[in-house]
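Work through the exercises below with the sequence and the structure at hand. Try each task before you read its solution.

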Amino acid sequence: MEAQTMITTHSAQATRGLGQQIGGHLADGDAVCLSGELGAGKTHFIQGLAHGWGALEPVTSPTYTLLNTYTRQKDTQRFYHLDCYRLAGPEDAVTLAFDDILDAPGVLVIEWAERIEGLLPEDCLWIGAEVTGETARQFTFWASGPRALKLLEAVGDSH
Ligand SMILES: Nc1ncnc2c1ncn2[C@@H]1O[C@H](COP(=O)(O)OP(=O)(O)O)[C@@H](O)[C@H]1O
Ligand SMILES: [Mg+2]
């Protein structure tokens, strides 16, 4: 395995803060994939990520929404948050016109990404979230391509 970074947070707010720092580095075409058990902090992290990217609307937990799309003021980029929790498998994502989402300009963040493995972009920043204590969450970052590696460097620089 190539370069990998691990960061532990100790509050939901700290997790959002971590996401926010990284969100500021997201560029058009970047993809971020999150995996990990329920309650591991994935949604909180993504809320921070969207905020750091510049999302205008308040970012709500998309527990019952498959795809949340955010815009920002400075350009026409989109922030797509795809939550695959309720997907039975990759077949479901196909009916979502997943390919259209991938082709649109912006950043794509996929929660429960392991559920649609095989459909994912090759070059992703992978983030594994784990519960390591009552309020401790460990985030493990690794890159599956050159774009993601640049993002990973930004993660490392901020810590
Ligand atoms: N360090 C932490 N980071 C993130 N969430 C935390 C942390 N400590 C406790 N929590 C709690 O864990 C839960 C995480 O929820 P959520 O972000 O929706 O997880 P997921 O999307 O992975 O299911 C929330 O109830 C949050 O308050
Ligand atoms: Mg979630």
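**Exercise 1. The sheet**

What is the order of the seven strands in the open sheet, and what is the pairing? Then find the edge strands.

Solution. Step 1: the model is a predicted one. Reading across its open sheet gives β1-β7-β6-β2-β5-β4-β3, and the pairing is mixed.

Step 2: the edges are held by β1 (4–9) and β3 (67–71). Each has a single partner strand, so one side of each has no neighbour in the sheet.

Step 3: from one strand to the next, the twist averages 15°.

Step 4: helix α5 (residues 146–157) packs on this sheet and touches β1, β2, β6 and β7. The direction of α5 makes about 140° with that of β7.

**Exercise 2. Strand β6 and its partners**

Describe how β6 pairs with β2 and with β7, and decide how well β6 is covered.

Solution. Step 1: take β2 (residues 31–35). This strand runs parallel to β6, and four bridges join the two. Leu34 stands opposite Ile127 in β6, and Ser35 has Gly128 as its bridge partner in β6.

Step 2: take β7 (residues 137–143). Here the pairing with β6 is antiparallel, over seven bridges. Val131 has Arg137 in β7 as its bridge partner. Five residues lie between β6 and β7, and the two strands form a hairpin.

Step 3: check the cover. Strand β6 spans residues 125–131, and five of its seven residues are buried, so the strand is mostly covered.

**Exercise 3. The magnesium ion**

Which residues coordinate the magnesium ion (ligand 2)? Classify each of them as buried or exposed.

Solution. Step 1: the ion is coordinated by OG1 of Thr43 and OE of Glu111, at 2.0 to 2.1 Å.

Step 2: place the two residues in the chain. Thr43 is in helix α2 (residues 42–53) and Glu111 is in strand β5 (residues 106–111). They are 68 residues apart, and the pair links distant parts of the chain.

Step 3: the cut-off for buried is under 20% relative accessible area. Thr43 has 17%, so Thr43 is buried. Glu111 has 3% relative accessibility and therefore also counts as buried.

**Exercise 4. Two helices**

At what angle do α1 and α2 pack, and how far apart are their axes?

Solution. Step 1: helix α1 (residues 12–23) packs against α2 at about 40°, and the axes are 6 Å apart.

Step 2: this angle makes α1 oblique to α2.

Step 3: the crossing of α1 past α2 is right-handed.

Step 4: list some of the residues that meet. From α1 they include Ala12, Thr15 and Leu18, and from α2 they include Phe45, Leu49 and Trp53.

**Exercise 5. A loop residue**

Where is Glu114 found, and which residues is Glu114 in contact with, leaving aside its neighbours within four places in sequence?

Solution. Step 1: Glu114 lies in the loop between β5 and β6.

Step 2: its relative accessibility is 32%, which means that Glu114 counts as partly exposed.

Step 3: with neighbours within four places in sequence left aside, Glu114 is in contact with Leu34, Ser35, Gly36 and Trp126.

Step 4: compare sequence and space for Glu114 and Tyr85. They are 29 residues apart in sequence, and 9.8 Å apart in space from C-alpha to C-alpha.

Key
Residues are numbered from 1 along each chain as its sequence is written. Chains are lettered from A and ligands numbered from 1 in the order in which they are written. This is a predicted model: local features need pLDDT of at least 70, side-chain atom pairs count only at pLDDT 80 or more; totals for chains, interfaces and linings use all residues. Side-chain values use heavy atoms; hydrogens and water are left out. Donors are N, O and S atoms within 2.8 Å of the metal (3.2 Å for Na, K and Ca); water is not among the atoms, so sites may look incomplete. Buried means under 20% relative accessible area, exposed over 50%, partly exposed in between (1.4 Å probe, protein chains only). Two strands pair if DSSP finds at least two bridges between them. Axes are lines fitted to C-alpha atoms, for helices over the stretch in contact, and angles run from 0 to 180 degrees between N-to-C directions. Angles under 35 degrees count as roughly parallel, over 145 as roughly antiparallel, 65 to 115 as roughly perpendicular and the rest as oblique. A crossing is left-handed if the near helix is turned anticlockwise from the far one by less than a right angle, and right-handed if clockwise. Contact means heavy atoms within 4.5 Å.
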